[in-house]
Amino acid sequence: MKYLYFVWKNLGRKKVRTTLTILSILVAFILYGLLGSLKLAFTVGADIVGANRLVTINKISLILSQPESYAARIAQIEGVKDVAHANWFGAYYQDKKNQFAQFAVNPDAWFNVYSELILPEEQFKAWRQDRIGAVVGEKLAARFGWKVGDRIPLISTIHRHGGDYRWEFVIDGIFSAENKRVDTSNMLFRYDYFDEARDWGKGEIGWIVFTIDDPARAAGVAKQIDDMFTNSPAETRTSTEQAFAESFVKQFGDIGLIVSLILTAVFFTMLLVSGNTMAQSVRERIPELAVLKTIGFGDFTMLALVLAEALLIALLGALIGLGVSAVAVQGIAAAISGFLPGLAFTPAMFAQGLGYAVLFGLLAGLMPALQAMRLSIANALSRH
């Protein structure tokens, strides 16, 4: 700590150069925060899914339906426990910008399969008794200021009833989850009402999700189901919910790989910039470093001083950049919560960012620090 003031004063010698270097690092860590949060938003579903849940969809595409009777046949397979199914509704509230996920489900079956969802019993009872009832997640309710008893008009972009795309629902409950990473920004309403009211597609469902008693049997159960529907009008593809979530994300591309490549390019460029800054700083101060060695500063002290400068620059840029990205992500998440409910800047990302900053500083300062440590006093003073 006794050399900290000395290190700080050295950074102030070339204020413009130091400032520009810190700004470069700052931008790199803002990108790290934003892209890392985006990656988290796209992969959060795959990280928290149930290990014992499987999903059955149409073999050709998720957007194609399958008969509702498939769910009953799957329920008869040995090892299968709770079975639920869902339909994507595809609607918006008041304005096309107000889009969020809505699913037509069977209330009891859905909450048996997704046992992590919490809905007060009296609200659950009211939902069972209300054909046009719906329950919404706490994040969605907070987004629009909805409360139990509100009548909500939605405009579906897919389904009509009586020739009209406008549907009305009554909010009978607001569900939550113990794990805050579980998505509560969606809406659930009754499949029996939906199927009876819609103009087309009656008796068809989008996908089936079910639990099994032994996750180790997932592959065998999936094969048994798909074999059951081979050569049927709607053949199926069954996988674990994690595989389903990952495949859904990969429709947008390999987000993890894309983010990693971008950040690698950014950090490599910043490493070259910072390394060049430190090398130039050491070259300019060779006479001073020689004098310091003459008055008793050891080789490893010189190494530590130069590394400390590089670390301080990296940490200053990283701390500011991570702070800016955390605030930015919070604002973006509030604005688009209906599209990317998992968007967040987590403490783990902040800690990882600081770890990268330390590594970044050490790498940028290593070569100049070694140069300072190996500096020959006689040669340095003779050249200047």
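Ala, Val, Leu, Ile, Met, Phe, Trp, Tyr, Cys and Pro count here as nonpolar, Asp, Glu, Lys and Arg as charged, and the others, Gly among them, as polar. Keep that in mind for the cavity and pocket below. One caution before going on: this is a predicted model.

**The chain as a whole**

Let's start with the big picture. The chain has 384 residues, and 47% of them count as buried. Its secondary structure adds up to 14 helices and 13 strands. Among contacts with a separation of 6 or more, 79% are between residues 24 or more positions apart. As for the outside, the accessible surface is about 19200 Å², with 61% of that belonging to carbon and sulfur atoms.

**Enclosed and open spaces**

Searching the whole structure turns up two cavities of 30 Å³ or more. The second largest cavity holds about 40 Å³ of space. Around this cavity sit Thr21, Ile25, Ser274, Met278, Ala310, Ile313, Ala314, Phe360 and Ala364. Two or more of these lining residues come from each of H2, H10, helix H12 (299-335) and H13. H12 gives the largest share, three residues. By class, the cavity lining splits into seven nonpolar, two polar and no charged residues.

There is also a pocket to look at. The second largest pocket has a volume of about 450 Å³. Its lining counts 17 residues, and the closest to the pocket centre are Tyr32, Leu263, Phe267, Gln352 and Tyr356. Helix H2 (15-48), helix H10 (255-284) and helix H13 (347-373) each put at least two residues into that lining. The pocket lining consists of 12 nonpolar, four polar and one charged residues.

Here are the two spaces together:

| Space | Volume | Nonpolar | Polar | Charged |
|---|---|---|---|---|
| Second largest pocket | about 450 Å³ | 12 residues | four residues | one residue |
| Second largest cavity | about 40 Å³ | seven residues | two residues | no residues |

**Two residues on helix H2**

Helix H2 turns up in both linings, and two of its residues deserve a closer look. Serine 37 lies in helix H2. Is serine 37 buried or exposed? Serine 37 has a relative accessible area of 0%, so it counts as buried. Leaving aside residues up to four places away in sequence, serine 37 touches Val329, Leu343, Ala344, Phe345 and Met349.

Lysine 39 is also placed in helix H2. Because its relative accessibility is 33%, lysine 39 counts as partly exposed; the partly exposed class runs between the 20% and 50% cut-offs. Which distance separates lysine 39 and valine 259 in space, C-alpha to C-alpha? The answer is 7.0 Å, although the two residues are 220 residues apart in sequence.

**Strand E5 and its partners**

Now for the strands. Strand E5 covers residues 102-105, with Gln102 and Ala104 pointing one way and Phe103 and Val105 the other way. All four of these residues are buried.

E5 pairs with strand E3 (residues 80-88) and strand E10 (residues 187-190). With E3, the pairing is antiparallel and rests on three bridges. Within that pairing, alanine 86 has valine 105 of E5 as its bridge partner. With E10, E5 runs in the parallel sense, and four bridges join the two strands. Here alanine 104 stands opposite phenylalanine 189 in E10. Put together, E5 has an antiparallel partner in E3 and a parallel partner in E10.

Key
Residues are numbered from 1 along each chain as its sequence is written. This is a predicted model: local features need pLDDT of at least 70, side-chain atom pairs count only at pLDDT 80 or more; totals for chains, interfaces and linings use all residues. Side-chain values use heavy atoms; hydrogens and water are left out. On a 1 Å grid over the protein atoms alone, a cavity is a set of points where a 1.4 Å probe fits but cannot get out, and a pocket is an open set with protein on both sides within 12 Å along at least five of seven lines; lining residues have an atom within 4 Å of a point. Grid points are joined across faces, edges and corners, and a volume is the space filled by probe spheres set on the points. Buried means under 20% relative accessible area, exposed over 50%, partly exposed in between (1.4 Å probe, protein chains only). Two strands pair if DSSP finds at least two bridges between them. Contact means heavy atoms within 4.5 Å. Accessible areas come from the Shrake-Rupley method with a 1.4 Å probe; for residues, only the protein chains shown count as cover.
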